[in-house]
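Colleague: Could you walk me through this one, please? I'd like to go residue by residue and then look at the packing.

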Amino acid sequence: MPKWLAPYLIALLLSGVMSCIVSGIATWRALGLIEGFFGMWMGAWSVAWAVAFPTLVLFRPLVTRLVMKLVREG
């Protein structure tokens, strides 16, 4: 895999892990541990990941610039 794809791979993996955890917690809080929970969670996760990945790709440059303005060297 070419090195220039690294930021996109990081975004893909990070958005996948984060959306999985958040959608699991949200599904559990909304429904409890009911029969069919796992399938509902996976359905919620697929939608969440489809939103999370492009959001991360789009906002990463803006957030990086903001962080660089908020931190100082040393």
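Modeller: Let's start with A6, which is found in helix α1; helices here are DSSP runs of H or I with at least four residues, numbered from the N terminus. Bear in mind that this is a predicted model, where local features need pLDDT of at least 70, side-chain atom pairs count only at pLDDT 80 or more, and totals for chains, interfaces and linings use all residues. Residues are numbered from 1 along each chain as its sequence is written, and side-chain values use heavy atoms, with hydrogens and water left out.

Colleague: Okay, is A6 buried or exposed, or something in between?

Modeller: The cut-offs are under 20% relative accessible area for buried and over 50% for exposed, with partly exposed in between (1.4 Å probe, protein chains only). A6 has 31% relative accessibility, so A6 counts as partly exposed.

Colleague: How far apart are the C-alpha atoms of A6 and V57?

Modeller: V57 lies in helix α2, and 51 residues separate A6 from V57 along the chain. In space, their C-alpha atoms are separated by 12 Å.

Colleague: And which residues does V57 touch, not counting those up to four places away in sequence?

Modeller: V57 is itself partly exposed, with a relative accessible area of 27%. Its C-alpha sits 7.0 Å from that of Y8, although the two are 49 residues apart in sequence. Taking contact as heavy atoms within 4.5 Å, V57 touches Y8 and A11.

Colleague: Zooming out, how do α1 and α2 cross: what is α1 relative to α2?

Modeller: Axes are lines fitted to C-alpha atoms, for helices over the stretch in contact, and angles run from 0 to 180 degrees between N-to-C directions. The axes of α1 (residues 6–31) and α2 (residues 37–70) come within 7 Å and cross at roughly 140 degrees. Angles under 35 degrees count as roughly parallel, over 145 as roughly antiparallel, 65 to 115 as roughly perpendicular and the rest as oblique. That makes α1, relative to α2, oblique.

Colleague: What's the residue make-up of the contact of α1 with α2?

Modeller: For the sorting, Ala, Val, Leu, Ile, Met, Phe, Trp, Tyr, Cys and Pro count as nonpolar, Asp, Glu, Lys and Arg as charged, and the others, Gly among them, as polar. The contact of α1 with α2 divides into 19 nonpolar, six polar and one charged.

Colleague: S19 is in α1 too; which side chain does the side chain of S19 make a polar contact with?

Modeller: S19 counts as buried because its relative accessibility is 7%. A polar contact is a pair of N or O atoms within 3.5 Å; within protein, one must be able to donate a hydrogen and the other to accept it, and residues adjacent in sequence count only if both atoms are side-chain atoms. At 3.0 Å, the partner side chain is that of W45.

Colleague: Last one: what distance joins the side chains of S23 and W41?

Modeller: S23 lies in α1 and is buried, since its relative accessibility is 7%. Beyond its neighbours within four places in sequence, S23 is in contact with W41, A44, W45 and A48. The polar contact between the side chains of S23 and W41 is 3.3 Å.

Conventions: Helices (H or I, at least four residues) and strands (E, at least two) are DSSP runs, numbered from the N terminus.
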